[in-house]
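Work through the exercises below with the structure open beside you, and try each task before you read its solution.

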Amino acid sequence: MLRSLTLWVILGVTLSLAAPQSGKVRSVLGDVSFKKKGKGDWASLRVGAKVQEKDVIQTEIESGVLISMPDGSTISIEENALVEFSQILMIKDSQVSEVEVKKGMLRFDAQKQKGPQSKFRFRTGTATASIRGTDGVIGVTEGGLPYGALNTGEMVMEEDGKEISVKAQQYVAFRKGQAPVVVEAKNAGDLDFIKMLSAAVDDTAKSVEDIQASAREIDAKIEKRNEDLRLQYKCRLYSVPPVISTNTVTIEALCSPGVTVTLGSETFESSGQTLRFTPSWADGAFGEKKFRMTCSVEKNTFECGNISFVYRVDRRIKFMRYDEHKCEALYATTGFNGNDGKLRVYVGDSLLRDLMLERDIAASFPLLPGVNTYRIVPENEDSSVGVIERELKCFPKTGVKIQLRNGNKAVFKKKVSQGAAVYPELEFDVVKVVNNDPSQIKSVEASVNGKPCELKMIPSESGLGYSTKLQVRRGKSTKVDIKVTMLSGEVAKESKIFEYK
């Protein structure tokens, strides 16, 4: 029991380490180069390359690169841009990412950030933007003014200590010495919309009202263009299960031929046949996953579908076996790797163990003496999932003994006229029973010449007390045999002789 208890204490103590992660290049268009850790000469960036902390990526005119992040988020660096990946970490179930846009713009489709330390932050010169499950665009205008725009979700932008909350279908730009420009537009995250509106933002002669008027005009034109394209080029996404338990999934779509289709970090040219996308993410990046599908025709890009589901791994327990004499139960866990959570063991309604596990284990827990119902409960969103309930027995071998009261022989002397028999009490104690628990005993027997005696329990100061009334005839020796059989398999025997002279 002590060894088991020590193991539980050790397993309850864990370390939280920040592990460097990397993004992965999924597609490259045109001339894209990078500097490893921001040092050395520029080198061509290829599909499949890892993008790590401090890497700097540069795109030329009519060039771009699509990068997948560990949690399934995607970043698309557009043409004529310069971007540094300042930080990419996983801390337990939390992703920490920071990307600096030094020039140009990038599109992002960020998965909902899970974990207490999660953050996804963009820097654009003098401004920062923090997001949690959002898709849109962040960048710097030709005139060096930072801006951000969203299709869905919400983000907080900050410059010079002043924060502004950016909502879905909003474009926000920071002009030097002036209040931020806020524009409402259905296509706020459309690249063409941003390029045309950013030119107006850079024009110092234009007022906020002028920029907003331009935005309405641009938005109406792009909306008409996208509606026409959706009517002409159709796409259909097939549904997937609402809950996925693996870190990858196959998503199928059927689109009109001649369309370039992108979902997550994968891009295909549609021939009118079923397309299969297989996005993936890090093992511990749990939570809701959403993927926006875009279609491109003749350099025009528009949203043509979206899909979402939950990535969740349920923590489960496999009950292996138990030893009723060693009084321990063995079990193994699944689903705790990269998915730390609590594991509780109950006896009836009482909590026996409360552990925080950060990895799968094979371990044991001590059983309480007797027959008890144990419930092992792993922490899951659905509290009923993975729960195991078992009735377990604990009958340890303890060296049980029988202690006779008043010795192992009793002699009675009386005159003949005082009767032909006496009726003494046989009293004894069963000792070394765990907690003096009678449920540990299988049977207690007393017999005379093979004939059983009727026993009753009596108070005892040393164990479990028993007694029986005997008939001892004059001139004869009466031997009483006592046998105690334990559920542990142990057997104790004693005998006592009574004489009446």
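## Exercise 1: The handedness of a disulfide

Task: Work out which hand the disulfide of Cys327 and Cys394 has, and describe where its two ends lie.

Solution. In this predicted model, the torsion about the S-S bond of Cys327 and Cys394 is about 95 degrees, so this disulfide is right-handed. The next step is to place the two ends: Cys327 belongs to the loop between E28 and E29, while Cys394 is part of strand E34, which covers residues 388-394. The link therefore connects distant parts of the chain, 67 residues apart. The sulfur atoms of Cys327 and Cys394 are 2.0 Å apart, which meets the cut-off of 2.5 Å for a disulfide. As a last step, look at the surroundings of the two residues, and you will find that Cys327 and Cys394 are both buried.

## Exercise 2: The other disulfides

Task: How many disulfides does a search of the whole structure find, and how are the bonded cysteines paired in sequence order?

Solution. Recall that a disulfide is a covalent bond between the sulfur atoms of two cysteines. The search of the whole structure gives three disulfides. One of them joins Cys235 to Cys255, with an S to S distance of 1.9 Å, and with 115 degrees about the S-S bond this link is right-handed. Cys235 lies in strand E20 (residues 235-237) and Cys255 in strand E22 (residues 251-255), so that distant parts of the chain, 20 residues apart, are linked.

Another disulfide joins Cys295 to Cys304, with an S to S distance of 2.1 Å. The torsion about the S-S bond of Cys295 and Cys304 is about 85 degrees, and this disulfide is therefore right-handed. If the bonded cysteines of the chain are numbered in sequence order, the pairing reads 1-2, 3-4, 5-6.

Task: Buried or partly exposed: which word fits Cys235, and which fits Cys255?

Solution. A residue is called buried under 20% relative accessible area and exposed over 50%, with partly exposed in between. Cys235 has a relative accessibility of 22%, so it counts as partly exposed. Cys255, in contrast, has a relative accessible area of 4% and is therefore buried. The two ends of the other link can be judged in the same way: Cys295 is buried at 1%, and Cys304 is counted as buried at 15%. Cys453 is buried as well, with a relative accessible area of 19%.

## Exercise 3: Strands around a hairpin

Task: Which strands form a hairpin with four residues between them, and how is E29 joined to E32?

Solution. Begin with strand E28 (residues 316-323) and strand E29 (residues 328-334), which run antiparallel and are joined by seven bridges. Within this pairing, Tyr322 stands opposite Ala329 of E29. E28 and E29 form the hairpin, with four residues between them, and in its turn Cys327 has a positive phi of about 60 degrees. Next, follow E29 to strand E32 (residues 362-366): these strands also run antiparallel, and five bridges join them. Here Tyr331 stands opposite Ala363 of E32.

## Exercise 4: An open sheet

Task: In what order do four strands form an open sheet, and what is the sense of their pairing?

Solution. The order of the four strands is E35-E38-E42-E41, and their pairing is antiparallel. The edge strands are E35 (401-404) and E41 (456-458), each of which pairs on one side only. From one strand to the next, the twist averages 35 degrees. Inside this order, E38 (residues 425-431) and E42 (residues 464-469) pair over six bridges in the antiparallel sense, and Phe428 stands opposite Tyr466 of E42.

## Exercise 5: Aromatic rings

Task: Decide how the ring pair of Phe286 and Tyr311 should be classed.

Solution. A pair of aromatic rings is described by the distance of the centres and the angle of the planes. The structure has 13 aromatic pairs. For Phe286 and Tyr311, the ring centres are 4.8 Å apart and the planes stand at 25 degrees, so the pair is stacked. Phe286 lies in the loop between strand E25 (274-277) and strand E26 (287-297), and Tyr311 in strand E27 (residues 300-311), so the pair ties together parts that are 25 residues apart in sequence. Both Phe286 and Tyr311 are buried.

How values were computed
Residues numbered from 1 in each chain as written. Predicted model: local features only at pLDDT ≥ 70, side-chain atom pairs only at ≥ 80, totals over all residues. Heavy atoms only, no water. Pairing = 2+ DSSP bridges. Axes fitted to C-alpha atoms, helices over the stretch in contact; angles between N-to-C directions. Phe/Tyr/Trp six-rings, centres within 6.5 Å; stacked < 30°, edge-to-face > 60°. Buried < 20%, exposed > 50% of the residue type's maximum accessible area, 1.4 Å probe, protein only.
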